[in-house]
Amino acid sequence: GLVKLDLANSTSVDALVNSFRPHVIIHAAAERRPDVCEGDHTQTLRVNVEASKSLGKAASSVGAWIIYISTDYVFDGTSPAYKPTDTPNPLNFYGESKLAGEQAVQEACEESIIMRVPVLYGPFKEPSESAVTTLLSSVLSMKASKVDGWAIRFPAHVCDVADCLALLSECILEGKGKRQTLHFSGNERHTKYSMAVTMCKVLGISDEQLECNEAEPEGASRPRDCQLDASALQEFLHDCGKVPKQHRSLEERLGSDIIQYIRRKLGDP
């Protein structure tokens, strides 16, 4: 079952890790909202950097590997597709904090892997849980709305990321772990506007109320196109004899997730 833990409390982190004594820790917790990060640097650093450092130290103390989930926002979006060896240049405080988190984990734990991922989506209780599914509220309202068509994203489903993390963990347990930075990416190019249009398609409703806004979004600066090159990840898994599951399309994944959400809202399990 789930165990509640304040990751910013290093004493609690040490106690829990020493209790479980895991072989692999996957660190996915973060403050991921760029505008929130810009408004509260202190809390952002507490969650994205200090907690990551504590967990890295705890992992090291029990001989565990730690896989740190980072972001494509460590790049400025001017020269995609980005390889793990490319130099980061974050445009906003969220990206800066996640890059600092990477460095904190690597300093705290020798046996560490940095996994950078793009914008994520997956099964949800409320649309606000993801920058992708939050678009559903505008779609279902059927009201005229402008939707971002400026930033280019390569969304990844959390189940595909989880499958990859499971394979990486298997590599580690088989003694094939390697300290490195890797990239995971979805394989479809989208904007928020095209994702909203896809939602209309799976719902069987018109997208005429949606207007593509090609102006740069307001708020925290965001990269235009920070596509990640995932070839190093694919090569590493291949060398370990691992074959990831084939990614299903955004339309297929969203269709399934949205239907589950609507059924729950209607009280139909």
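**Ring pairs and cysteines**

Trainee: How many aromatic pairs are there?
Mentor: The count comes to three aromatic pairs. Keep in mind that this is a predicted model.

Trainee: How do Phe75 and Tyr82 sit, stacked or edge-to-face?
Mentor: Stacked, because their planes are at 10 degrees. The ring centres are 4.2 Å apart.

Trainee: Is that pair buried or exposed?
Mentor: Buried on both sides. Phe75 has a relative accessible area of 1%, and Tyr82 has 4%.

Trainee: What about Phe124 and Tyr261?
Mentor: That pair is tilted, because the planes are at 35 degrees. The centres of the two rings are 4.9 Å apart.

Trainee: Where do those two sit in the chain?
Mentor: In distant parts, 137 residues apart. Phe124 is in the loop between strand E4 (120-121) and helix H5 (135-141). Tyr261 belongs to helix H9, residues 250-265.

Trainee: And are Phe124 and Tyr261 buried or exposed?
Mentor: Phe124 is buried, at 4% relative accessible area. Tyr261 also counts as buried, at 9%.

Trainee: New topic. How many disulfides does the structure hold?
Mentor: Zero. Take Cys159: its nearest cysteine sulfur is that of Cys164, 13 Å away.

Trainee: Why is Cys164 not bonded to Cys171?
Mentor: Their sulfurs are 8.9 Å apart, which is too far for a bond. A disulfide needs the two sulfur atoms within 2.5 Å. Cys171 holds the closest cysteine sulfur to that of Cys164.

Trainee: Which of Cys159 and Cys164 is buried, and which is partly exposed?
Mentor: Cys164 is buried, with a relative accessible area of 2%. Cys159 counts as partly exposed, at 38% relative accessibility.

Conventions:
Residues are numbered from 1 along each chain as its sequence is written. This is a predicted model: local features need pLDDT of at least 70, side-chain atom pairs count only at pLDDT 80 or more; totals for chains, interfaces and linings use all residues. Side-chain values use heavy atoms; hydrogens and water are left out. Buried means under 20% relative accessible area, exposed over 50%, partly exposed in between (1.4 Å probe, protein chains only). Rings of Phe, Tyr and Trp (its six-membered ring) pair if their centres lie within 6.5 Å; planes under 30 degrees apart count as stacked, over 60 as edge-to-face and the rest as tilted. Helices (H or I, at least four residues) and strands (E, at least two) are DSSP runs, numbered from the N terminus.
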